[in-house]
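These entries record what I looked up on helix packing and on one pocket. I took the helix pairs one at a time.

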Amino acid sequence: MSTTTAPAPAQTPERRSGFGTAFGRLARAREASIVLAVLIVVLAATLTNPNFLFSADGYRDLWLTPSLLALVAIGQAVVLITRNVDLSVGSILGLSAYLTGRLFIDLPGLPMIAVILIAVVFGGLLGLINGALVAFAKVPALVITLGTMYAYRGINVWWTGSDRINASDMPKPFLALGTAQILTIPVLTIIAVVVLIAVAWWMRNTRAGRECYAIGSDPAAAELYGLPVTRRILTAFVLSGALSGFAGVLYAARYGTINSQAGSGWELDAVGAAVIGGVAIFGGVGTVWGAAIGAVLLMTINRVLPVIGVPDFWQRAVVGVLIIGAIVLDRVLSLRQHRKLIEGREAKQ
């Protein structure tokens, strides 16, 4: 009696092929190249000065410094994907941070969670004003948010005057939020990652999130197709404002000092982080993952350049060149993808 050897399951090669395909996609993803850039920058800084990574402060700052900008960049990415932009996020952050401090001073019995929620809702309302002006007045978001950026900053300067809120004006448990760690990871970083996962899931798995991409790709076609363009644009701006307000709360906890200049310049850093992370300035392309990793790269470079002895002027120039390079790369990839689509369509004909 002879026996035969059963043939190998046919699924194995397919599984291997599927794993290889998934790994290949991951390796080719734009986010992978940014992560690689972050690792190279950290390695270069560590070789120059080992304390950059192998000291308690250096390790903590590596995680902590990008966390607040990542929150703002996530909201900015959603707005950019809808083919808009929000230049008021820095002013919203500053106003929300000062509001947080005032609530602790003027209403000392108010629970900490209530203060946080009020500041987040306040930021969302400011975002709603931006969204309403863009969606209903049909004015470009660049113009609207440039105006509200100055208006919100003016209100902040008028409100704060020469006043400054110090750490001694806020409760210690709230300030502890800015320095607390869980398993050596700062709590602010964990919060930013949780928000990132939630928004990324919403953009990828919900109809509302996918419609943001459709609107950004072709707003006129989205209107003709019957998509709720106005509602989605309002949602994107409210989300951006709320995340900026949340970042303002965490800014108060992190730094403990708030004045009228809190958040100045963050709007450009947020746009830069999103663009570096692969979010197209013309909408419809990109992920919030890329925007968050772009924030990490941007803030890490800002920390690394002084370590390796680059003068202040060249620090900003390097960041500018990085943003221009990201835009040029996006344009090249977009043209290549468009050419492939045309070639594929002609081949089918």
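Entry 1, H4 and H6. I worked from a predicted model. I looked up how helix H4 (residues 89-106) packs on helix H6 (residues 141-160), and found an angle of about 25° with the axes 8 Å apart. Since angles under 35 degrees count as roughly parallel, I entered H4 as roughly parallel to H6. I noted the crossing of the two helices as left-handed. On the H4 side, I listed Gly90, Ser91, Ile92, Gly94, Leu95, Tyr98, Leu99 and Arg102 as making the contact. On the H6 side, the contact is made by Met149, Tyr152, Arg153, Ile155, Asn156, Trp159 and Thr160. Sorted by class, the residues of this contact are eight nonpolar, five polar and two charged.

Entry 2, H5 and H11. I next took helix H5 (residues 112-137) with helix H11 (residues 229-255), which pack at an angle of about 145° with axes 6 Å apart. I recorded a right-handed crossing for H5 and H11. I found 15 nonpolar, eight polar and no charged residues in their contact.

Entry 3, H3 and H8. I found that the axes of H3 and H8 come within 8 Å and cross at roughly 20°. H3 and H8 are therefore roughly parallel to each other. I noted that H3 passes H8 in a left-handed crossing. From H3, I listed Trp63, Leu64, Ser67, Leu68, Leu71, Ile74, Val78 and Ile81. These meet Leu188, Thr189, Ala192, Val195, Leu196, Val199, Trp202 and Met203 of H8. I counted this contact by class as 14 nonpolar, two polar and no charged residues.

Entry 4, the second largest pocket. I looked up its volume and found about 450 Å³ of space. The lining of this pocket comprises 19 residues, and those closest to the pocket centre are Trp63, Thr189, Val193, Ala292 and Val296. Trp63 and Thr189 are also on my list for the contact of H3 with H8. Which elements give two or more residues to the lining of this pocket? I entered helix H2 (30-48), helix H3 (56-81), helix H8 (187-205) and helix H13 (288-307). H3 gives the most to the lining, with six residues. By class, I recorded 16 nonpolar, three polar and no charged residues in the lining of the second largest pocket.

Terms used. Residues are numbered from 1 along each chain as its sequence is written. This is a predicted model: local features need pLDDT of at least 70, side-chain atom pairs count only at pLDDT 80 or more; totals for chains, interfaces and linings use all residues. Side-chain values use heavy atoms; hydrogens and water are left out. Axes are lines fitted to C-alpha atoms, for helices over the stretch in contact, and angles run from 0 to 180 degrees between N-to-C directions. Helices (H or I, at least four residues) and strands (E, at least two) are DSSP runs, numbered from the N terminus. Angles under 35 degrees count as roughly parallel, over 145 as roughly antiparallel, 65 to 115 as roughly perpendicular and the rest as oblique. A crossing is left-handed if the near helix is turned anticlockwise from the far one by less than a right angle, and right-handed if clockwise. Contact means heavy atoms within 4.5 Å. Ala, Val, Leu, Ile, Met, Phe, Trp, Tyr, Cys and Pro count as nonpolar, Asp, Glu, Lys and Arg as charged, and the others, Gly among them, as polar. On a 1 Å grid over the protein atoms alone, a cavity is a set of points where a 1.4 Å probe fits but cannot get out, and a pocket is an open set with protein on both sides within 12 Å along at least five of seven lines; lining residues have an atom within 4 Å of a point. Grid points are joined across faces, edges and corners, and a volume is the space filled by probe spheres set on the points.
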